[in-house]
Amino acid sequence: MIQIDGNNLTLDEIVRVARHFEPVEIAPGAIPVIHRSRALLDSIVATDRPVYGINTGFGIFAEQRIHRREASALSRNLILSHAVGTGEPLPGEVVRAAMLVRANTLAKGHSGMRIEIIQTLLDMLNLHVTPVVPSQGSLGSSGDLLPLSHMALVFTTDELDREEDSGLADYQGQVMTGKAAMRQAGIPRIRLGPKEGLAVNNGATFSAAIAALAVLDAESLVDIANAALAMSLEAVLGCSSAFDPRVHVARGHTGQMRVARNVLALTEGSDLLDAAGRIQDAYSLRCAPQVNGAALDTLQFVRSVIEHEVNAATDNPLLFEDGQVISGGNFHGEPVGMVMDYLAIALCEVGAISERRIFRLTDGKLNGGLPPMLVDHPDAAGLNSGLMMPQYTAASLVLENQTLATPDSVHSLPTSGEQEDHNANSMTAARHARQVLINTAHVLAIELYTAARALDLRLRQSPEKHMGARTSQVFALLRTRVPYQAGDAWWGPEIETVKQMILTGEFTPLVAFEIKEP
C-alpha cells in the first residue's frame, strides 16, 4: 500500500499506481495537516474578506466578488466551463498518474481541501475508475486547467446532478458516463465548496504526470541504447579503444563515463571487437558515449525537477499555518515544460545516433564485409531486400523526432484578457516528449533487431568468434521471441515484438546495471 502525504511521493510509486494498480491511502501523518488547512479556509470564508479564488471570480474576473452562498456554484461552474479539451483521449496510465499527483498535492495541506475530496480521488484509483481526458487544449498555466476539469467532472456534481454533465470514465474496461461509473463503483460524487474547484484544476498536474512516466521510461531507453550500441559494435568488428575509461575520465562527464564503462561490461569476453584492425570507427560508434552520456546527464536533471514537482503545492492561492493566504504562481508549468523539452532533445539524439548505426549495419560498404542490407547471402541480394526498409522507418521516426524536439516552452500566447499574459505550453511539451520517447523506442528496437541479424551473419562467417557475455544474453533473449529468418519476411511484427520487449522491461535485467568508477 502506497501512502501519500504531499512530500514523499516517488516516481517509482507513480508508475506502480498508474501501470500496476497498486492501492493508495492517505498517510496518517497527513490527516491532521489536511484538517488544519480546511479549518483555516473555513475561518477565512466566515470573515467574508475578499480572497482570490475563494470568494472572487477567476482570471480576468478576479476583482468580481462572489457571495458565500454561491461558493458551491462558483466551484462547479469553474469545472464545467473549463472542461473544453479536444483530441484523442490520454492513455489511462497518464490519467491515473495525474490523479495520484493531484491527490498528493492536495494532501500537502496548502489548499484548504476537505479530506473527502482527496479520498475520493484515491477511491477512484483503488476501484479503477479512470476519467476519459482529452489530450489537447492545455497551456500548462494556470496549470492544466482543461484536463483537470475533465477529470473533476466525473467525481463532482451539483444540485441538478445531470448525467450529461458528468464527463466520461472507464470502469472495468467499459467507457460510460462519469455518473454511471461512480455509481457502479459505489463512490459518492461530491458537491464542491469554497476554493475546491480551483484547488482541483489549478496546477500543471497532467504535464507532471506525463513527465513522471516519461523520465523512468527514458532512463530505461538509454540502457537499451547502450546494449544496442554494444551489439552493433561487435557486429561491425568495432574498436574498443574509444571506450577506454581513461578517455572519458579525461573529460569528466558522469554520464559519458558511465556509458563507456557499461559498453565495456556488456562486451566483456568478446573477441569480435578490434578484429578488423581498424584504428578508429565512425562517430556513430566512437562518439556514442558522448551522446548517450549527455542524454543520461540531462535525464538526471529532468528527474530532479519532476521529483520536486510531484510533491509541490501548485494551486493558487496557498494557505499557510500563520493564517496567511498568499496568491502566487506555482501553477505555472514552466519548470515541467522546459525539462520536457530537454528530455525530448536528449532522446531525439539517442535515436538519431542509433539510426546512423542501423544505416551502417545495412550498408555493404560500411558494415565490415557483411552482405548488403543483411540479406542471407550476397547472391540473394535483389531477390531479397533484406533490412532495407526498417532503416527507412528508423530514418522517418528520427526526422519526426527532430520536429517534435523543437522546444515548446519558448512559445507563449496571452489568455484571459492579458491577465495570463505568459503561458508555459508545458502540456504540449510533455505530449511531444512522450511521442519522441515512443518513436525512439521503435528506433532502438530496429537497431537491436538489425544488430542481432548482423551478428548471426558475422558468427556464420567466423564461427570461432564469440560475443561478450552480456551481449550474448541480450541476443539469446531476443532470439527466443524472434528467430532468425533467412529470406525476406514480414519484419514489421517482429520489430514490434522487440519494441514491446523494450517497453515492458524484458531486457532491463540484462542491460540496466551500474558499474562504479574504479
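Which residues make a nonpolar surface patch of about 270 Å²? In this predicted model, the patch is formed by Phe301, Met338 and Tyr342. Met338 belongs to helix 14, which spans residues 334-362. With a relative accessible area of 33%, Met338 is partly exposed; membership of such a patch requires over 30% relative accessible area, so the value for Met338 satisfies that condition.

From the surface, the description turns to the interior. The largest nonpolar core comprises 147 residues. Those with the most contacts inside this core are Ile14, Val129, Phe206, Ile306, Met340, Leu343 and Leu448. Helix 9 is the greatest contributor to the core, supplying 21 residues. A second core, separate from the largest one, is made of eight residues, among them Leu40, Leu41, Ile44 and Leu319.

Leu448 offers a good view of how residues from several parts of the sequence meet. Once residues up to four places away in sequence are set aside, Leu448 touches Ile224, Ala227, Ala228 and Met231. The same count for Leu448 also includes Val474, Leu478, Val498, Ile502 and Phe507.

Helix 9 itself covers residues 205-235, and Val215 lies within it. The relative accessible area of Val215 is 0%, so this residue is classed as buried. Beyond its neighbours within four places in sequence, Val215 is in contact with Leu11, Val302, Arg303, Ile306 and Leu343. Two of these partners, Ile306 and Leu343, reappear from the list of residues with the most contacts inside the largest core. Met99 provides a further reference point for Val215: the two residues are 116 residues apart along the chain, and their C-alpha atoms are separated by 18 Å.

The cysteines complete the picture. How many disulfides does the structure hold? The number is zero, and the distances between sulfur atoms show why for two of the cysteines. For Cys239, the closest cysteine sulfur is that of Cys287, at 12 Å, which is too far for a bond. For Cys348, the closest cysteine sulfur is again in Cys287, here at 17 Å, and this too is too far for a bond. A disulfide would need the two sulfur atoms to be within 2.5 Å. Both Cys239 and Cys348 are buried: the relative accessible area is 4% for Cys239 and 6% for Cys348, whereas the limit for a buried residue is under 20%.

Methods. Residues are numbered from 1 along each chain as its sequence is written. This is a predicted model: local features need pLDDT of at least 70, side-chain atom pairs count only at pLDDT 80 or more; totals for chains, interfaces and linings use all residues. Side-chain values use heavy atoms; hydrogens and water are left out. Patches are made of residues with over 30% relative accessible area and no salt bridge: like charges are joined within 9 Å, nonpolar side chains (Val, Leu, Ile, Met, Phe, Trp, Tyr) within 5 Å. Accessible areas come from the Shrake-Rupley method with a 1.4 Å probe; for residues, only the protein chains shown count as cover. A salt bridge is a side-chain nitrogen of Lys or Arg within 4 Å of a carboxyl oxygen of Asp or Glu. Helices (H or I, at least four residues) and strands (E, at least two) are DSSP runs, numbered from the N terminus. Buried means under 20% relative accessible area, exposed over 50%, partly exposed in between (1.4 Å probe, protein chains only). Contact means heavy atoms within 4.5 Å. A nonpolar core is a set of buried Ala, Val, Leu, Ile, Met, Phe, Trp, Tyr and Cys residues joined through side-chain atoms within 4.5 Å.
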